[in-house]
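Please look over the sequence and the structure below before reading on. The paragraphs after them go through the fold by its interior, its helices and its aromatic side chains.

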Amino acid sequence: MEKYKVGYLAGVFDLFHVGHLNLIRRAKERSEFLIVGALTDELVVKFKGNLPYISFEERRQILEAIRYVDKVVGVTEENHEKMKAWNLYHFDCLFSGDDYSGNPYWIEDQKSLQKVGSNIEFFPYTKSTSSTMIKAAMAGNMQKKDDKKNE
């Protein structure tokens with residue numbers, strides 16, 4: 001299977017876990033050069049309603065330390081839309097987890113990207129872990145500690 005010259009993958013990457021690593025590794029396997037976009041704290045608040053646990057600067061440093069990542073960029077209000085990102089980075093393929101594969105917005109983005117010679121590939125979502133699951137486990141542990149204090 002031939003590699004794409006430039007691949008692009010964007011996400012929050014808060015509470016970095018093996019699912020994030022799996023996506024990045026698979027994207028790099030399909031790309032000669034992999035650009036990873038990390039959403040800024042402001043954009044995370046806009047989309048998710050609260051600040052990430054790990055700041056943008058620290059998430060950027062984590063991503064830069066991963067051997068599969070060739071370049072890390074910030075994802076902001078100005079470049080979060082797929083075509084705006086393509087205009088900046090001219091990637092041959094956008095990668096994502098398959099939890100977005102049926103999303104109507106992504107289908108439209110795929111059509112737009114195909115018009116400029118780019119593609120979208122979806123990788124299997126790692127179901128065994130997610131940031132949401134980690135946050136829930138942390139909240140459960142905090143509740144147990146509070147319960148013990150109140151006994």
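What follows is a reading of a predicted model, from the cores outward to single residues.

Begin with the interior. In soluble globular proteins, nonpolar side chains tend to be buried together. The largest nonpolar core here has 18 residues, and the members that touch the most others are L9, I24, L63 and F95. At least two residues of this core come from each of β1, α1 (18-29), β2 (31-39), α3 (56-64) and β4 (93-97). L63 gives a view of the packing: leaving aside residues up to four places away in sequence, L63 touches F13, F16, I24, V36, A38, V69 and V72. A second core, separate from this one, has 17 residues, with V6, V73, W86 and W106 among them.

Helix α1 supplies I24, one of its buried residues; the others are G19, H20, N22, L23, A27 and K28. The length of α1 can be checked. Its 12 residues should span 16 Å at 1.5 Å a residue, and the C-alpha atoms at its ends are 16 Å apart, so expectation and model agree.

The same check can be made on helix α5 (residues 104-115), where 12 residues at 1.5 Å each should again span 16 Å; the end C-alpha atoms lie 17 Å apart, which agrees. Which residues of α5 are buried? They are W106, D109 and L113. Because these three cover an arc of only 55° around the axis, they are on the same side of α5. The spacing fits a general rule: an α-helix has 3.6 residues a turn, so residues three or four places apart point the same way. P104 and K115, on the other side of α5, are exposed. Against which elements do the buried residues of α5 pack? Their partners are α4, β4 and β5 (119-123).

W106 has a further neighbour besides its place in the second core: K82 lies over the face of the W106 ring, 4.1 Å from the ring centre.

Aromatic side chains also pair with one another, and the structure holds six such pairs. In one of them, Y8 and Y89 are stacked, with 5.6 Å from centre to centre and 25° between the planes. Y8 belongs to strand β1 (residues 4-11) and Y89 to helix α4 (residues 82-89), so this pair ties together parts that are 81 residues apart in sequence. Are these two rings buried or exposed? Y8 is buried, because its relative accessibility of 3% is under the 20% limit. Y89, with a relative accessible area of 17%, is buried as well. Elsewhere, ring pairs link Y4, F95 and F123 into a cluster. F95 thus takes part in that cluster and is also one of the residues with the most contacts to other members in the largest core.

Two residues in loops deserve a look at the backbone. F13, in the loop between β1 and α1, has a phi near 60°, which is positive although F13 is not a glycine. With 5% relative accessibility, F13 counts as buried, and L63 is among the residues in contact with F13. H90, in the loop between α4 and β4, also has a positive phi, of about 45°, and is not a glycine. Its surroundings differ in accessibility: F13 is buried at 5%, whereas H90 is partly exposed, with a relative accessible area of 44%.

Definitions and conventions: Residues numbered from 1 in each chain as written. Predicted model: local features only at pLDDT ≥ 70, side-chain atom pairs only at ≥ 80, totals over all residues. Heavy atoms only, no water. Phe/Tyr/Trp six-rings, centres within 6.5 Å; stacked < 30°, edge-to-face > 60°. Helix = DSSP H or I, 4+ residues; strand = E, 2+ residues; numbered from the N terminus. Buried < 20%, exposed > 50% of the residue type's maximum accessible area, 1.4 Å probe, protein only. Lys NZ or Arg CZ within 6 Å of the ring centre and 35° of its normal. Core = buried A, V, L, I, M, F, W, Y, C linked by side-chain atoms within 4.5 Å. Contact = heavy atoms within 4.5 Å. Expected span 1.5 Å × (residues − 1). Arc of directions from axis to C-beta.
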